[in-house]
Amino acid sequence: MVGQSRKWMILIATTWIQAFTGTNFDFSSYSSTMKTVLGISQVQLNYLSVASDMGKALGWCSGVSLMYLPLWVVMFMAAFLGLFGYGVQWLVIKQVISLPYFPVFLLCLVAGCSICWFNTVCFVLCIRNFPTNRALALSLTISFNGISAAVYTLIANSINPDDDTLYLFLNALVPLLVSSLALIPILRQPPLQFLSTDAINRDSFIFIVLNILAVVTGLYLLLLNSLSSEALRARILLVGALILFTLPLCLPGIVCGRNWARHTIDTGFCLDGSNFSLVDPDDFDLHKELIGSDQSSSLSVDSFSVTSKEGFFRKVMEKGRLTMLGEEHSARLLVRRWDFWLYYVAYFSGGTIGLVYSNNLGQIAQSLGYYSQISTFVTVYSSFSFFGRLFSAAPDFLREYVFTASSIHICCL
C-alpha cells in the first residue's frame, strides 16, 4: 500500500520537473532584448536558438551517466548545467558582465543540454515505476514540458511584467528549486512490485483523472492569460496555477485510503468487477514475466538468460520488441532496428518545424507591431503545445477497443 502511494508521488514529482524545465520554449520572450544587448543580427540570434536546441544532441551523455551515477545525482547535474548556462546569460543580458558572441553560443548549448538531461531522468522514473502503464505515464508527464513557457510567463508577470530579463533568471533558478522538491520522492522509490489485474484497472482510472486535471490546468493557463498583464492579478492567477499543480498530491492519500477501505470495510463502490483496463493483455503477461524473472534471478545477464527460458523470449519476439522493455540497450542493437530510425527521422523532420516557429515567435510579433503582446503569443503557443502532447495519449486510452502499433501513429502524424 505504501509502495503504491510512493509511485504516484514520483509521477507527480516527474510532472513538476517537466512543467518547470521546458525552458527553451520561452526563448522568444527575451530574444529581442538579447539581440539588442549583444548587438547581433537576426541570423546570429537564430544560431543562438539553434545552439539551445542542439544541446539536446548531447543528451546521450545523461544515459551514460545513469550507468554509473544515482538518478538524483544526474538530476542535480542537469539543474546545475541550467543554473550555469542561463545564469551567466542573465548576467550578460543585465550587462553585469560582457562576453563575446561565441561564449554566449556555448552557454546556450549547455542550457539546452540540461533540458535533455531532465527529460532522461523523467523517462527513467516513469519506466521504472510504471512498467505496465508506462505509455500513459510518459505521455502525461511529457505533455507538461510544453506548458513551461506559459508557467514562466505567469511567474514573470507576477514579479515585473516589463522586465524580459526575468525569464533567464527564472530559467536558471526554478529548475534547481523544483529538483530539490522532487528529491525526497525520488530517494524513496518503491521496489518493483507485481500488480494484479484489479490494481492495473485502478491505475488506469487514476490516469484518466490525472489527464482530466491536466486539461483543466492547460485551459486555466490559456484562457486566463489575458488577465495577467498586471502584477497583482498575475500573482492571484499564479496561486491558482500552483494549487492545480499540487492538487494531484491528494492521490497518494486516496490510494492508501481506498486500499485500507477495501481490506477493512465492505464498500458498495469498487472497481473489482470492472473490466475497464487501458493495458494490453500481452503487456500484462509480459509484466508478470519481467517481475518473475527479476525475483528469481540475481540481476546478472547470465542468470537472467537461464531462468527466463523460452516463454519470455518468445513473448518478446512475438511483439517485435527489444530484448527487455524498460532496460538499457546497446547502441549497436538500436541502430539495427527500423523503429529506432523511424522515430529518429520523425522527430528530426517533424519536431524541428515547431522549434523554428517558436524560436522566432518574438521576432515575428515584433515585425508585425505586436511587441507588447509577445508573452500572450508565447503562452498560446505553449498551451497548444501542451494539449498536442497530452492528446497523443489518446491511442493508449483507446487500446482496449482499437489497438495499433505506435509506428502507425507516427506515420499518420
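**Second cavity**

I started with the second largest cavity and asked which helices feed its lining. α8 (148-159) and α10 each supply at least two residues there. α8 gives the largest share, three residues. This is a predicted model, so I'm reading computed values throughout. I put the volume of this second largest cavity down as about 70 Å³. I also wrote out who lines the space: Ala150, Thr153, Leu154, Tyr220, Leu221, Leu224, Asn225, Ser228 and Leu237. By class I get six nonpolar and three polar residues, with no charged ones.

**Largest cavity**

Next I looked up how many cavities of 30 Å³ or more there are. The count comes to five. The largest has a volume of about 130 Å³. Its lining holds 13 residues, and I noted those closest to the centre: Thr15, Phe144, Leu210, Leu213 and Pro248. Which helices supply at least two lining residues each here? I find α1 (2-21), α10 (197-223) and α11 (231-246). So α10 turns up again, having also given at least two residues to the second largest cavity. The lining of the largest cavity splits into eleven nonpolar and two polar residues, and again I see no charged ones.

**α2 against α5**

Then I moved on to a helix pair. The axes of α2 (residues 27-38) and α5 (residues 71-93) come within 10 Å and cross at roughly 60°. That crossing makes α2 oblique to α5, because an angle has to reach 65 degrees to count as roughly perpendicular. On the α2 side I have Tyr30, Thr33, Met34, Val37 and Leu38 making the contact. From α5 come Tyr86, Gln89, Val92 and Ile93. I sorted the contact by class: seven nonpolar residues, two polar and no charged.

**Aromatic pairs**

Last, I went through the rings. Searching the whole structure turns up 14 aromatic pairs. I picked out Trp90 with Phe169: the ring centres are 5.1 Å apart and the planes sit at 50°, so I file the pair as tilted. Where do the two rings sit along the chain? Trp90 is in helix α5 and Phe169 in helix α9 (residues 166-187). The two are 79 residues apart, so I've marked the pair as a link between distant parts of the chain. α5 thus appears twice in these notes, in the contact with α2 and as the helix that holds Trp90.

How values were computed. Residues are numbered from 1 along each chain as its sequence is written. This is a predicted model: local features need pLDDT of at least 70, side-chain atom pairs count only at pLDDT 80 or more; totals for chains, interfaces and linings use all residues. Side-chain values use heavy atoms; hydrogens and water are left out. On a 1 Å grid over the protein atoms alone, a cavity is a set of points where a 1.4 Å probe fits but cannot get out, and a pocket is an open set with protein on both sides within 12 Å along at least five of seven lines; lining residues have an atom within 4 Å of a point. Grid points are joined across faces, edges and corners, and a volume is the space filled by probe spheres set on the points. Helices (H or I, at least four residues) and strands (E, at least two) are DSSP runs, numbered from the N terminus. Ala, Val, Leu, Ile, Met, Phe, Trp, Tyr, Cys and Pro count as nonpolar, Asp, Glu, Lys and Arg as charged, and the others, Gly among them, as polar. Axes are lines fitted to C-alpha atoms, for helices over the stretch in contact, and angles run from 0 to 180 degrees between N-to-C directions. Angles under 35 degrees count as roughly parallel, over 145 as roughly antiparallel, 65 to 115 as roughly perpendicular and the rest as oblique. Contact means heavy atoms within 4.5 Å. Rings of Phe, Tyr and Trp (its six-membered ring) pair if their centres lie within 6.5 Å; planes under 30 degrees apart count as stacked, over 60 as edge-to-face and the rest as tilted.
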